[in-house]
Amino acid sequence: MTTRHDEGPVALSGHRVRLREFTLADLDGVRGVVGDDRVTHFLSFNTRNEEQAQELLRTIVERAQQRPRSEYYLAITPLQPESAADVDKAVGFTRLQRTNEHSGRLVYAIAHAHQGRGYAGDAVRTLLDFAFGTLRLHRVTAAVGPDNRAGLALVKRLGFTREGVLRDHVRVSGGWRDSVLFSMLAPEWPSPRAV
Ligand SMILES: CC(C)(COP(=O)(O)OP(=O)(O)OC[C@H]1O[C@@H](n2cnc3c(N)ncnc32)[C@H](O)[C@@H]1OP(=O)(O)O)[C@@H](O)C(=O)NCCC(=O)NCCS
């Protein structure tokens with residue numbers, strides 16, 4: 001289920017999760033991801049406090065209004081929440097940044113308490129269907145830290161190809177970190193559904 005990306009908000013359903021636009025009411029969910037060292041340790045920025053998380057959320061909501069859209073920064077919500085408090089709760093995010101007309105860059109993260117349930121795998125698969133199907137992108141990349149076992153497992157399981165190492169790619173907590181660059185091309189994606 002989705003709406004046309006060029007006409008309104010994006011809403012996509014996978015098997016386990018739904019991807020929807022963030023709203024300003026998602027601060028708790030955003031903090032659960034960007035405010036937790038256990039998650040941000042593997043991302044390209046340092047942990048954010050409440051004010052910084054609020055600013056990030058405002059930016060995400062603003063950018064979602066831009067046309068043409070340069071990014072799809074979507075909230076991941078479980079289709080079968082474990083508790084009433086988790087209904088429609090943003091337990092993570094997927095971000096697809098358009099790098100040019102034909103390409104995009106992917107980032108994904110799940111709050112620590114909700115990891116290991118297949119949410120990220122389903123979210124990324126659903127977003128790639130959208131990227132290759134609806135947006136007609138040709139190439140999507142993901143840059144993952146060399147020690148990030150869960151992040152690496154996910155792109156490998158989805159069939160991404162390893163391209164090489166981006167040296168000193170991100171600066172976090174006062175140090176430089178390499179990334180391993182992975183890509184998926186449209187003809188390699190098993191079943192892009194134009195949704
Ligand atoms: C990477 C991340 C998004 C995975 O989220 P998740 O919802 O737990 O992922 P899934 O449950 O869909 O599992 C994805 C794969 O990782 C594996 N995995 C999960 N945790 C793992 C761990 N600690 N060590 C090794 N593998 C792990 C799973 O077994 C699965 O692989 P499989 O299908 O081959 O078994 C999550 O760990 C996270 O947010 N990490 C911090 C942010 C990040 O690293 N983002 C990626 C870089 S952009």
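**A buried first helix, a ligand shell and a nonpolar core**

In helix α1 of this predicted model, the buried residues are Gly29, Val30, Arg31, Gly32, Val33 and Val34. Because six of the eight residues of α1 (residues 27-34) are buried, this helix is largely enclosed by the rest of the structure. The partners of the enclosed helix include both helices and strands: its buried residues pack against α2 (37-40) and α3 (50-63), and likewise against β3 (71-78), β4 (92-98) and β5 (103-110).

It is helpful to set this helix within the annotated part of the chain. The UniProt record, an unreviewed entry, places the feature "domain: N-acetyltransferase" at residues 17-187. In the model, the C-alpha atoms at the two ends of residues 17-187 are 25 Å apart. Helix makes up 30% of that span and strand 33%.

We turn next to the ligand. The shell around the ligand comprises 23 residues, of which Phe42, Gln115, Ala120, Gly121 and Gly151 come nearest. Two or more residues of the shell come from each of β5, α4 (119-134), β6 (139-144) and α5 (149-157). Among these elements, α5 gives the most, with six residues. Sorted by class, the shell holds 14 nonpolar residues, six polar ones and three charged ones.

Helix α4 reappears in the interior. In soluble globular proteins, nonpolar side chains tend to be buried together. Here the largest nonpolar core has 46 residues, and those touching the most other members are Leu19, Ile76, Phe93, Ala123, Val124, Leu127 and Ala131. The element that gives the most to this core is α4, with nine residues. Val124 offers a good view of the surroundings: with neighbours within four places in sequence left aside, Val124 is in contact with Thr94, Leu106, Tyr108, Leu154 and Leu158.

A last stop is the loop between α4 and β6, where Leu137 is found. Is this loop residue buried or exposed? Leu137 has 24 other C-beta atoms within 10 Å, and is therefore buried, the cut-off for burial being 20 or more. Apart from neighbours within four places in sequence, the contacts of Leu137 are His102, Ser103, Gly104, Ala131, Phe132 and Ala186. One of these contacts, Ala131, is also among the core residues that touch the most other members. Thr40, by comparison, is separated from Leu137 by 97 residues in sequence and by 28 Å in space, C-alpha to C-alpha.

Methods: Residues are numbered from 1 along each chain as its sequence is written. This is a predicted model: local features need pLDDT of at least 70, side-chain atom pairs count only at pLDDT 80 or more; totals for chains, interfaces and linings use all residues. A residue is buried if 20 or more other C-beta atoms lie within 10 Å of its own, exposed if 12 or fewer, and partly exposed in between; C-beta atoms are placed from the backbone. Helices (H or I, at least four residues) and strands (E, at least two) are DSSP runs, numbered from the N terminus. Two residues are in contact if their C-beta atoms, placed from the backbone, lie within 7 Å. A residue is near a molecule or strand if its C-beta atom, placed from the backbone, lies within 6 Å of it. Ala, Val, Leu, Ile, Met, Phe, Trp, Tyr, Cys and Pro count as nonpolar, Asp, Glu, Lys and Arg as charged, and the others, Gly among them, as polar. UniProt positions are given in the numbering used here, feature names are shortened, and annotations may be inferred rather than shown by experiment. A nonpolar core is a set of buried Ala, Val, Leu, Ile, Met, Phe, Trp, Tyr and Cys residues joined through C-beta atoms within 7 Å.
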